[in-house]
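Got the model open in your viewer? Let's walk through it stop by stop, with something to select at each one.

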Amino acid sequence: MTDLHSGSCLCGAVRFTAKRLLRGVLYCHCLQCRKQSGHFYAAAKAADADLVVEGGEEITWYAASSEAKRGFCRTCGSALFWKRSDLDETSILAGAFDKPTGLSAVGHIFVADKGDYYSIDDGLPQD
């Protein structure tokens, strides 16, 4: 992966740059991710110190649980971020990155909660 990754929401009100990513794309199949996105989340992760957000005032944060919140653009509704309350890092939705992303998938989590309308057969690790 390259060291600099940028992206935005659909309308461009929120832009971000991640100076360095902590991991590749992880697919989350939990019920909350599926309900918010309509399928499953695909997200990379950056340390908060390495993430610069422009238009942060356009982000609405939804506390999905006591452990985490989800950030989306209040104008266009694009899901952008997922953040645990106790960590100094933020997951960034892979679809929000500008091309070329240089990203690659690393695995699947909450596979037991996945939708019953698709299969996972890409050979990546599953939790």
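Start by selecting strand S4 (residues 41-47): seven of its seven residues are buried, so S4 is largely enclosed by the rest of the structure. Buried here means under 20% relative accessible area, with exposed over 50% and partly exposed in between (1.4 Å probe, protein chains only). Strands (E, at least two residues) and helices (H or I, at least four) are DSSP runs, numbered from the N terminus. Before you click on, keep in mind that this is a predicted model, where local features need pLDDT of at least 70, side-chain atom pairs count only at pLDDT 80 or more, and totals for chains, interfaces and linings use all residues. Residues are numbered from 1 along each chain as its sequence is written, and side-chain values use heavy atoms, with hydrogens and water left out.

Stay on S4 and show its side chains. In a regular strand, side chains alternate between the two faces of the sheet. On one side of S4 you'll find Tyr41, Ala43, Lys45 and Ala47, on the other Ala42, Ala44 and Ala46, and all are buried.

**The neighbours of S4**

Which strands pair with S4? One is S3, in the antiparallel sense over four bridges, and another is S9, also antiparallel, over five bridges. Two strands count as paired if DSSP finds at least two bridges between them. To see the S3 side, pick Leu26, which stands opposite Ala43, then Cys28, whose bridge partner in S4 is Tyr41. For the S9 side, pick Lys45 and look across to Ser91.

Now select S3 itself (residues 23-28), where five of the six residues are buried. S3 also pairs with strand S10 (residues 105-109), this time in the parallel sense over four bridges. Tyr27 and His108 are bridge partners there.

**Zoom out to the sheet**

Colour the strands in the order S6-S7-S8-S9-S4-S3-S10 and you have an open sheet of seven strands with mixed pairing. Its edge strands are S6 (59-62) and S10, each pairing on one side only. Neighbouring strands in this sheet are turned by 30° against each other on average, direction ignored; the axes behind that are lines fitted to C-alpha atoms (for helices over the stretch in contact), and angles run from 0 to 180 degrees between N-to-C directions. Over at the S6 edge, S6 and S7 pair in the antiparallel sense over four bridges, and Thr60 stands opposite Phe72 in S7.

**A second sheet**

Next, select S1, S2 and S5: these three strands form an open antiparallel sheet in the order S1-S2-S5. S1 (5-8) and S5 (51-54) are at the edges with a single partner strand each, so one side of each has no neighbour in the sheet. Here neighbouring strands are turned by 15° on average, direction ignored. S1 and S2 share four bridges, and Gly7 stands opposite Phe16 in S2.

In the loop between S1 and S2, click on Cys11. Is Cys11 buried or partly exposed? Partly exposed, with a relative accessible area of 41%.

**Inside: the core**

Show Phe16, Leu21, Leu80, Phe81, Ile92, Phe97 and Leu103 as sticks: of the 20 residues in the largest nonpolar core, these touch the most other members. Such a core is a set of buried Ala, Val, Leu, Ile, Met, Phe, Trp, Tyr and Cys residues joined through side-chain atoms within 4.5 Å. S4 gives the largest share, three residues.

**The largest pocket**

Where is the largest pocket centred? Of its 25 lining residues, Cys28, Trp82, Arg84, Ile109 and Phe110 are the closest to its centre. Its volume is about 500 Å³. A pocket, on a 1 Å grid over the protein atoms alone, is an open set of points where a 1.4 Å probe fits, with protein on both sides within 12 Å along at least five of seven lines; lining residues have an atom within 4 Å of a point. Grid points are joined across faces, edges and corners, and the volume is the space filled by probe spheres set on the points.

**Last clicks**

Phe110 sits in the segment after S10. Its phi is near 55°, a positive value in a residue other than glycine, and Phe110 counts as partly exposed at 46% relative accessibility. Finish at Pro100, in the loop between S9 and S10, where the peptide bond from Lys99 is cis, with omega near -5°.
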